[in-house]
Amino acid sequence: SAPRWPTVLTSLLTHLQFTLGQEVFGTRSFSIDYRNNCFLKDGKAFQYISGSIHYSRVPRDYWKDRLLKMYMTGLNAIQVYVPWNFHEAAEGAPNFTGDRDLEHFLHLANETGLLVILRPGPYICAEWEMGGLPAWLLQKPNIILRSADTDYIQAVNNWFAALLPRMKPWLYVNGGNIISVQVENEYGSYFACDYNYMRHLRTLFRLFLGEETVLFTTDGNTDKEMSCGTLEGLYATIDFGTDNNVTDAFRRQRRFEPQGPLVNSEFYTGWLDHWGDQHAAVDPRKVSRVLEDMLVMGASINMYMFEGGTNFGYWNGADLDTRFRSVVTSYDYDAPLNEAGDPTEKLFAIRNVIKQFRDIPAGPMPPPTPKFAYGLVQMRKVGAMSSLIKTLCPAGPVTSQHPLTFEQMKQYYGYMLYRTTLPRDLSQPTPLLSPLNGVHDRAYVSINGVYQGLLERDTALVINITGRQGDAADILVENMGRVNFGSKINDHKGLVSDLILGEDVLTDWKIYPLNIDGVISEGWPHSDSQRLHRPHQEPSEGPGFYTGTLQPNGLARDTFLKLSGWTKARYWINGYWDRYWPARGPQQTLYVSRHFTKPNNITVLELEGAPAHLWVFFLDRPLLSRTGSKSGPNTGLLAPTSLHPSAVLISPR
């Protein structure tokens with residue numbers, strides 16, 4: 001085929017730029033001075049003050065805004081994870097375009113004056129889906145993730161062969177802004193403790209990035225974690241937060257790195273939320289006090305998080321300790337820059353500490369992004385899930401004697417419908433049981449389209465149902481996010497074992513992989529004019545779709561969606577989607593970027609039960625806890641001050 005000359009020329013120009021950069025900046029260097037216990041940048045002692053930001057959790061159009069605010073706080077570096085599954089959703093097809101344009105993000109950071117500490121994994125944790133590992137790895141049922149397992153190593157080799165050559169020109173010594181690169185992530189917390197795996201990764205990084213690149217590891221503040229996570233040739237750093245004794249923590253790092261700089265690679269400014277938690281909060285005074293203590297000691301510090309952002313789409317992770325706990329949509333993290341990228345009290349407290357140690361850039365802090373309370377939108381019912389299967393799965397079902405998992409069906413995220421028939425009459429309530437805890441993660445059960453209830457991983461393993469022989473039994477299964485930490489990250493989804501009805505094992509399944517995101521991105525249900533012009537329909541229990549339209553008013557502002565009275569599921573606005581679950585909380589509103597608000601089509605998939613009023617609300621502030629947030633109180637259906645005077649009541653089309 002004909003060469004793509006624009007692409008070729010761009011590559012040549014980029015190569016020339018960095019080659020010239022090496023000549024012009026021939027003295028550029030970044031290394032570790034073991035004798036004087038510090039980093040050396042261009043031959044001079046260097047201490048970084050960094051903050052974590054995840055480009056995958058921030059809309060691309062806001063990358064520059066967030067980076068500038070970090071720079072104006074006094075940071076001289078940022079720390080960046082690279083989520084493998086975000087870039088390689090399909091095996092062998094890595095994507096670095098649009099919101100995945102990592103090099104553009106690095107360019108913006110460089111342009112802003114920020115150095116970069118790169119954390120490319122392959123595993124990142126980050127409360128991200130499967131810790132950043134792609135779910136297609138689980139097609140190999142016996143694969144041992146994060147180990148020297150042959151199948152896993154081959155996939156890692158291929159991924160790093162695509163990623164790391166892109167990163168090499170961005171190394172500081174090559175004229176870029178990457179000063180150091182992490183190998184794996186908190187490996188000492190993983191059960192495998194496979195040093196051969198870590199040696200292989202070290203070899204890959206050296207092969208692609210060169211012998212002079214500063215490579216490091218990061219592990220938790222225990223001897224076990226530091227022992228399994230560290231390796232000769234990789235500089236050992238440590239993680240800890242405000243509740244740890246700084247001297248004791250760095251003393252532990254010294255046991256594994258007797259000489260070199262003190263480094264806290266994850267100094268926790270806040271914490272994550274799970275559905276059902278209270279909203280996390282860490283006192284700004286504690287953060288600033290411990291930060292000052294570390295800076296006085298000469299330590300280099302990365303604050304995790306500095307701006308958390310949002311778990312858009314299906315990218316939230318989950319934890320599995322005593323039970324499965326899914327991470328909420330917001331990744332606000334009680335960070336110095338909140339979910340919407342606005343400076344907080346904590347940011348200014350941190351800034352006051354930093355300016356005692358280095359010059360703060362002149363000029364004012366960029367202001368918060370404008371917000372707007374667009375008001376109320378009346379939704380109307382499109383139809384029950386069971387009546388829309390042909391639309392949502394036009395290719396039809398796959399038949400199987402026993403249930404197949406999401407991974408076996410190669411549908412890694414979202415929802416699948418499992419349909420069978422009742423094998424006999426059930427005149428009395430009969431238990432439908434998941435005896436091996438095989439619902440991953442939530443299953444919504446309907447008989448002949450009538451909602452019966454739900455099964456939930458670890459917490460609700462049985463419900464009673466009634467019906468007649470031959471009735472259709474629909475089990476809609478929701479993937480709530482794969483485990484991102486610990487030994488259970490090989491987290492298969494769907495019905496991962498048989499269901500038992502009374503004494504019968506249910507068999508002969510029709511399995512529908514639902515392409516909900518695809519059909520909505522193509523305009524459904526708003527393009528279905530016949531359905532949209534039907535008279536208003538009442539809400540009903542069980543899975544169903546609802547739609548409405550937010551009319552433009554000439555303003556493009558960030559806003560916050562509140563679904564008062566709705567129970568649980570997902571919304572879509574112009575093809576972007578997030579989870580809501582106000583009944584369990586703590587999160588009560590969903591951040592909607594200004595870039596998602598035109599042409600303002602709204603679709604809601606409610607899984608359990610919609611409210612009678614069928615309203616959704618757009619506010620000008622977040623509510624991230626049941627009892628309120630730093631931004632204002634939670635006053636029920638609608639806080640009166642949340643509506644702008646010009647906001648209007650909007651009806652569906």
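## Glu 608 and its surroundings

Glu 608 sits in the loop that runs between β33 (601–606) and β34 (615–619). The model described here is predicted. With a relative accessible area of 16%, Glu 608 falls under the 20% limit and is therefore buried. Its side chain forms a polar contact of 2.7 Å with the side chain of Arg 442.

Beyond the four nearest places in sequence, Glu 608 touches Arg 442, Tyr 444, Tyr 451, Leu 454, Glu 541, Gly 542, Thr 567 and Lys 568. Arg 442 thus appears both as the polar partner of Glu 608 and in its contact list.

## Overall composition

The chain contains 14 helices and 36 strands. Of its 653 residues, 60% are buried. The accessible surface is about 25200 Å², and carbon and sulfur atoms supply 52% of that area.

Among contacts with a separation of 6 or more, 78% are between residues 24 or more positions apart. Several of the sites below include contacts of this kind, one of them being the pair Pro 586 and Asp 277, 309 residues apart in sequence.

## Annotated active site

An unreviewed UniProt entry lists Glu 186 and Glu 266 under "active site". The two span 81 residues in sequence, but their C-alpha atoms are no more than 10.5 Å apart, so they gather at one spot. Glu 186 is placed in the loop between β7 (178–182) and α6 (195–209), whereas Glu 266 belongs to strand β10 (residues 263–268). Both count as buried: the relative accessible area is 11% for Glu 186 and 4% for Glu 266.

Leaving out residues up to four places away, Glu 186 is in contact with Arg 146, Thr 218, Asp 219, Asp 239, Glu 266, Tyr 268 and Phe 485. The corresponding list for Glu 266 is Tyr 81, Arg 119, Asn 185, Glu 186, Ile 238, Asp 239, Phe 240, Asn 302 and Tyr 304. The two glutamates therefore touch each other, and Asp 239 is in contact with both, within the spot where the listed pair gathers. The side chains of Glu 266 and Arg 119 are joined by a polar contact of 2.9 Å.

## Backbone features between β6 and α5

Arg 146, a contact of Glu 186, lies in the loop between β6 and α5. Its phi is positive, at about 55°, although the residue is not a glycine. Arg 146 is buried, with a relative accessible area of 2%.

Cys 125 is found in the loop between β6 and α5 as well. Its phi is near 60°, again a positive value in a residue other than glycine, and at 6% relative accessibility Cys 125 is buried. Pro 122 is also placed between β6 (115–119) and α5, and the peptide bond leading to it from Gly 121 is cis, with omega near 20°.

## Pro 586

A further cis peptide bond runs from Gly 585 to Pro 586, with omega near 10°. Pro 586 occupies the loop between β31 (576–580) and β32 (589–592) and is buried at 0% relative accessibility.

The C-alpha atoms of Pro 586 and Asp 277 are 6.1 Å apart. Residues touched by Pro 586 outside its sequence neighbourhood include Asp 273, His 274, Gly 276, Asp 277, Gln 278 and His 279, together with Val 328, Leu 624, Ser 625 and Arg 626.

## Strand β4

All 5 of the 5 residues in strand β4 (residues 49–53) are buried, so the strand is largely enclosed by the rest of the structure. Ile 49, Gly 51 and Ile 53 point one way, while Ser 50 and Ser 52 point the other way. In a regular strand, side chains alternate between the two faces of the sheet.

Strand β4 runs parallel to β11 (residues 300–307), to which 4 bridges join it; here Ile 53 has Glu 307 as its bridge partner. It also runs parallel to β5 (residues 77–81), through 3 bridges, with Gly 51 partnered by Ile 78.

## Nonpolar cores

The largest nonpolar core holds 156 residues, and Ile 78, Leu 145, Leu 514, Ile 516, Phe 545 and Trp 566 have the most contacts inside it. Helix α5 (residues 150–167) gives the most to this core, with 9 residues. A second, separate core has 23 residues, among them Leu 422, Ile 465, Ala 473 and Leu 499.

Outside its nearest sequence neighbours, Leu 145 is in contact with Met 130, Leu 133, Leu 137, Leu 138, Tyr 152, Tyr 190, Ile 489 and Asn 490.

Definitions and conventions
Residues numbered from 1 in each chain as written. Predicted model: local features only at pLDDT ≥ 70, side-chain atom pairs only at ≥ 80, totals over all residues. Heavy atoms only, no water. Helix = DSSP H or I, 4+ residues; strand = E, 2+ residues; numbered from the N terminus. Buried < 20%, exposed > 50% of the residue type's maximum accessible area, 1.4 Å probe, protein only. Contact = heavy atoms within 4.5 Å. Areas by Shrake-Rupley, 256 points an atom, 1.4 Å probe, with all protein chains shown as cover. Core = buried A, V, L, I, M, F, W, Y, C linked by side-chain atoms within 4.5 Å. UniProt positions renumbered as here; feature names shortened; annotations may be inferred. Polar contact = N/O pair within 3.5 Å; in protein donor to acceptor, adjacent residues only side chain to side chain. Pairing = 2+ DSSP bridges.
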